[in-house]
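Welcome! Let's look at this structure together and ask how each description of it is earned.

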Amino acid sequence: MVSAFRNVFKIPELRTRIIFTALLLIVYRFGAHITIPGIDDRALEEFFNQLTDRPGGNMIGFVDLFSGGAFSQMTIFALGIQPYISASIIMQLLAVVVPSLEKLSKEPDGRKKITQYTRYGTVILSAVQGLGISFLLRNPGNLGIQANIVVNESWSFHFLTVITLMAGTAFVMWLGEQITERGIGQGISLIITVGIVAAVPAGVTSIVRRLFVESSLSLIQLFIFLGLIVVAVMGTVFVTQSIRKIPVQYGRQIKGTRMYGGQRTHLPLRVNAAGMIPIIFAVTLMQFPGTILGFLPQGWGWALELQGVLGNPGHPVYLIIYASLIIAFTYFYTAVQINPVDMADTLKKHGAHILEKGGIRPGKRTAEHINFVLTRITLPGACFLAGISVIPIMFEGWLQIGTMVSGASVLIVVGVVLDTVSQIESHLTDRSYEGFIKGRRIKGRRSR
């Protein structure tokens, strides 16, 4: 392991990419501490403390997760990268529903146009969200919270807030794209991960204070919390790395005096092909009922009763609906990401066929088999996502350590670390250096 870290900095290109990535991440964290002009910091802190205690307040924590704490501090990067993620999801769904976009996505330069549309969508979403935030900060009384957050209550505050948040989101999006292109790892995911890791010291300090100063946390609760984290990390690594290999045989082709093909390989299908997107979908939908019901008159008894169910993450009905949505969205997004028909057509064009069940004919039979396998392996992945999201909520009321988003946090951090290490490993092995996996070395020319 130590020698692998040394080898990382022996390769000039890899060393440059790592330094470039680190510098851009530092710039992002620096901007996450610059507050929007015209806001009273103390009043803002009191406002968010009251807001998070209300039904639907966990949504604030989820948004704050993606912004690295910038949302609760209302900095220039308050929206973080979430508008970009939302725009990307919308474009992926539209590419399936709209035939013209589906055709465009399959063209050679179509992905660039789709990316450009995603950028436009990001700017539009950030402008709309920024306008909503400006009105919320100027009139917190609409939520029944008395606070004087805005120093200057003129209309110029709305304009300045929208422009600032929109520019901040565009800049964060640019940082992520630059890291992906010129750095190491997936830029957007790294930005989210850095925000999550940045909150760890404050969380550890809070636990130590509650354990030794306030005595509101017992050792048993602490060990259970740490055990949940260990199990979540191990489960995430296992599920993320799990792949179902479908054996494939390529036919032999004679071109001139040479024979090509005849190789036996496999078609890899990931158990969790959807990543954490289903959790994002489910959390967003689960917050709508509680938020909408909160604006209804307090005298409506049925509204209060329904709000107590759909706005309370600890309620069994809430947990069942939440888990069901995650499982449903996992199947949905996996179907969006992986098209068995396209995979079957690709195998047919290359003269390949599946070896399972005594051999499967190319075309429709191959697509049906891939779809059958994909449906079966997606179930454990979907159940894992539901479990890693629901189980922390079940322990949150007892532990009181803010575990609502810990499942999503672990999923993001572990996934990003595995992906980044895999890219570094590829750079090392391509240049004959020993990677992080012992004994894995590929012959080639050393980088000078």
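A nonpolar core is a set of buried Ala, Val, Leu, Ile, Met, Phe, Trp, Tyr and Cys residues joined through side-chain atoms within 4.5 Å. Please keep in mind that this is a predicted model.

Q: Which residues have the most contacts inside the largest nonpolar core?
A: They are Phe66, Ile81, Ile192, Ile279 and Tyr322, in a core of 54 residues.

Q: What makes Tyr322 a residue with contacts far along the chain, leaving aside neighbours within four places in sequence?
A: Contact means heavy atoms within 4.5 Å. With those neighbours left aside, Tyr322 is in contact with Ile279, Ala282, Val283, Met286, Ser389, Val390 and Ile393. There is also a second, separate core of 20 residues, with Ile39, Leu51, Met74 and Ile133 among them.

Q: Why is His266 called partly exposed?
A: Buried means under 20% relative accessible area and exposed means over 50%, with partly exposed in between. His266 has a relative accessible area of 36%, so the name "partly exposed" fits.

Q: Where does His266 lie, and which residues is it in contact with, leaving aside neighbours within four places in sequence?
A: His266 lies in strand β4. Its contacts beyond those neighbours are Lys245, Ile246, Pro247 and Val248. The C-alpha atoms of His266 and Pro247 are separated by 4.2 Å, although the two residues are 19 residues apart along the chain.

Q: How do you know that β1 and β5 pair?
A: Two strands pair if there are at least two bridges between them. Here 3 bridges join β1 (residues 243–250) to β5, so the requirement is met, and the two strands run antiparallel. For Val248, the bridge partner in β5 is Ile354.

Q: What is the order of the strands in the open sheet, and why do β4 and β5 stand at the edges?
A: The 3 strands follow the order β4-β1-β5, with antiparallel pairing. β4 (264–270) and β5 (352–354) each have a single partner strand, so one side of each is left without a neighbour in the sheet. On average, neighbouring strands of this sheet are turned by 40 degrees against each other, direction ignored.

Q: Which helix lies across these strands?
A: Helix α16 (residues 340–349) lies across β1, β4 and β5, and runs at about 170 degrees to β4.

Q: How is the packing of helices α8 and α9 described?
A: Helix α8 (residues 110–138) and helix α9 (residues 156–182) pack at an angle of about 145 degrees, and their axes are 8 Å apart. Their crossing is right-handed. The contact between α8 and α9 has 11 nonpolar, 8 polar and 3 charged residues.

Notes
Residues are numbered from 1 along each chain as its sequence is written. This is a predicted model: local features need pLDDT of at least 70, side-chain atom pairs count only at pLDDT 80 or more; totals for chains, interfaces and linings use all residues. Side-chain values use heavy atoms; hydrogens and water are left out. Axes are lines fitted to C-alpha atoms, for helices over the stretch in contact, and angles run from 0 to 180 degrees between N-to-C directions. A crossing is left-handed if the near helix is turned anticlockwise from the far one by less than a right angle, and right-handed if clockwise. Ala, Val, Leu, Ile, Met, Phe, Trp, Tyr, Cys and Pro count as nonpolar, Asp, Glu, Lys and Arg as charged, and the others, Gly among them, as polar. Buried means under 20% relative accessible area, exposed over 50%, partly exposed in between (1.4 Å probe, protein chains only).
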